[in-house]
Amino acid sequence: MNKKFVIIAILALFFEVIFIQNSSYAFTIKSDSTYKNLDFETATKNGKPKLWFAGGNGYEIQLDSINVFHGKNSLRISKVSEGMMAVASFQLPLKSVKGKHILYTGYIKTLMVNKGYAGLWLRMDSNKTAIKLQNMSKYGPKGTTIWTRYSIEMDIDDNADNVVFGVLLVGDGTAWFDSCNIYVDGTLLTKETYKPFVPTKEQYDKIKNNVITLSTVEPNIDKSDLIPLKPIFDKAEIISLGEGTHGTSEFFKMKDRLVRFITSENRDAVFAIEANMPEARLLNEYIQTGKGNAKELLEGLYFWTWNTQEVLDMIEWMKDYNLSGKGNIEFCGFDMQYPAIAAKNVFEFLEKNDTAYIDSVNILYKTIIDSYEKAIKNYQKREQSIIKLWYDAAIVLNNHINANKSNYLKTMDSIIVDIVIQDSKIIIQAAEMFLPGTFVRDRCMAENIIWIKEHIAKDKKLILWAHNGHVGKINKMMGDHLYKKYGNKMFVVGFGYYTGSYTTNGENGLEAYSTDLPEAGSIEWVLHNIGINNLFLNFRSNSNMPEMQWLNDEINFRSVGAVQLDESFAPIILPKVFDGLTFIDESTPSKLLKVYDKK
C-alpha cells in the first residue's frame, strides 16, 4: 500500500483513541449480554466482530472460535507487522448515560505481549469539562496470561458530548477479549435495552412533505430542483459540504452540482478543499488562467481521494467558468500535512527579498526538509528529537518573517507577504502533526480556513469541501472550531447514503468495497423508506416541528473515511452536527484517475 495511505490510516486511528490510567472494580456477573455484540458472537462477512469499529495498521483483528472464554467466539488482536496499536470500539448512547455511573467489564488473555499491554478503555468527551479517559495502562496484562476478568468505571458528566469504550492492544504479541459487559447505574445493558427507532405513519408523512427532492446528482443537468436551497445558502457566508465516504461518486457529483449552483447565484466565490494549502494554489493558477496540466496538478494534492474524474470535471468547469467572464471562483486548500512546498516557497521568497538572512535560511531549510524526510521514513517511531528539530527551525523561520514584515511591505503587496507568512505557519502545523497531542489537524485546518476567509474570501461566499467528520460541529473537530467563530453564518451539509459501494483502502488495497445495509432505526434506513432516491433535509427548519422531534434524539449514522470499515455506524444528534443532510440512496465508487500501488 502507498506510504501516504498508510499515514492517513494511522492518523485516522490516532484521532479515535487516547490513553490514560484507570481504576478497577470487582463485580460478579454472568456473561450472557449480547448488547451490541459485546460477547463477539456475531461476525461480519470478513470475520470481524459485527457492529464494532476495529482498526490498527500492522495488526490482524479477527474473531477466534478456538480460544474462547464464553460462547463460540472471542476477539483476537495480533501484531503481524510494524505498528503501534490496534483498537476495537463502540459509542454509547449519550442520552442514556449522561449523569450516570458506567461499569465496563471484560475478560482478557494474552500471548507474548512483551512490549506493551492489552486492556479495556473508556473515554468521555466534553466541551465544558476536561476529557475523562481511562484504560489499563498501569495494570493491563503483559507477557503470557490466562483468561482474567478486568473492569474499569467512570462517572459520566451531565454535559458529556461523547462516550466511547472498547478494547486495545498496544505493542506486540496477541490478545484475546471476551464476555464484555456494560452496566449503567448497576443495570446490565442487553440486546433488549434499546429498540430501533421506527417512525409512525404521521412522522413519515411529515418527513416526506418537508424534504427537498433532488432530481439528479449530475452537475450539468437543469438546476431547477435546487431553487428551494437558494434562501438557505443566501444567508450563509460559509457553506460546508461534507461526505460520508471519501470515495462515493454521487457525493462528489452532488457537491460539484451545489458548487455550480451556489456560484451561479453569487457570481464570485472561494472554494476550499481538504488538501494541502500551498499545493492547492498551484491548481488555482490553472483555474484562473487555463495554463498547465490539470491532471498533474490534481495528483500533486497528494490525496487519492481527490484524484478522481469527478473532481477533475469540477476543476475543468471552474476553469471554464472563470474564462467565460460570468464570474470568478478561486480554488484553495486548508490542509497542512506536507511541509516541502511551503518550505520551498518560503526559502525562495527570502532568497530574493532577504539576502542578509540567506545563510541562516539555508540552514533552517535543510533542517526542516531533512527532519521531515526522516520523520516520514520512520513514521511509526515518531522520533521526537527529529521532529523537534523541524518544529524549532520552523518557529525561527516564522518569527523572522513576522518580525520583518514591515520591511517586505515596502516593496510588495500585503497579500504576497501574508501568503509567505502563512506558508511558514504550514511548516509549523505539519510538524505539530507528529508531536504528541490530539485533534491537531482539525484545529489547524480551522485556523487555515479562518485565514482564507479573512484574506481571500472576506466579501465572497466560501464553500468548504471535506469529510463529514471534519465539517460537522463535533467536539474539537474543524467544524466545531469554525462554528464557535461564525455561528449560524455557516451552514453545514452532511452527506449520507443507504446502499452500494465506494472507493477506499482495505485489505485488498485501494479499490471498490461494498457495504452492508443499514440496520433498522438508522437515519439512512429511515430516509430510504421514504421512497425518494435523492433528497435534502433541512434540520434548521424541520427539527423543531412536533412530528420531527425525533431528529433531536440520537440516531445511528454511517461514517467511512479513507480506510475501509466493516462497521461504520455511530449514534449522533444530527441537528447538533449538521444544519442539513443530503441523502443519496445508492453509492457507486468514485473513478480514480490512476492505478495505485496496492502494497
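This is a short chat about helices, cysteines, a pocket and two backbone angles in a predicted model.

Student: Ground rules first: which pLDDT cut-offs apply?
Tutor: The model is predicted: local features need pLDDT of at least 70, side-chain atom pairs count only at pLDDT 80 or more, and totals for chains, interfaces and linings use all residues. Residues are numbered from 1 along each chain as its sequence is written, and side-chain values use heavy atoms, with hydrogens and water left out.

Student: OK, H11. How many residues has it?
Tutor: H11 (384-403) has 20 residues. From first C-alpha to last it reaches 28 Å, close to the 28 Å expected at 1.5 Å a residue. That expected span is 1.5 Å times one less than the number of residues. Helices are DSSP runs of H or I, at least four residues; strands are E runs, at least two; both are numbered from the N terminus.

Student: Which of its residues are buried?
Tutor: Ile 386, Ile 387, Trp 390, Ala 393, Ala 394, Leu 397, Asn 398, His 400 and Ile 401. Buried means under 20% relative accessible area, exposed over 50%, partly exposed in between (1.4 Å probe, protein chains only). Down the axis of H11, the buried residues fall within an arc of 160°, so they line one face. The arc uses directions from the helix axis to the C-beta atoms.

Student: And what does the face turned away carry?
Tutor: The exposed residues Ser 385 and Ala 403.

Student: What do the buried residues of H11 pack against?
Tutor: Helices H9 (340-353), H10 (358-377), H12 (405-408) and H13 (414-432). Contact means heavy atoms within 4.5 Å.

Student: How enclosed is H13?
Tutor: In H13, 14 of the 19 residues are buried, so H13 is largely enclosed by the rest of the structure.

Student: New topic. How many disulfides?
Tutor: Zero, counting pairs of cysteine sulfur atoms within 2.5 Å. Cys 444 is in none; its nearest cysteine sulfur, that of Cys 332, is 17 Å away. Cys 444 is buried, at 0% relative accessibility.

Student: Any odd backbone angles? Which phi does Leu 51 have?
Tutor: Leu 51 has a positive phi of about 80°, although it is not a glycine. Most residues other than glycine have a negative phi. Leu 51 lies in the loop between helix H1 (3-14) and strand E1 (53-55). At 22% relative accessibility, Leu 51 is partly exposed.

Student: And where is Lys 476?
Tutor: In the loop between helices H15 (468-471) and H16 (478-486). Lys 476 has a positive phi of about 70°. Lys 476 is partly exposed, at 26% relative accessible area.
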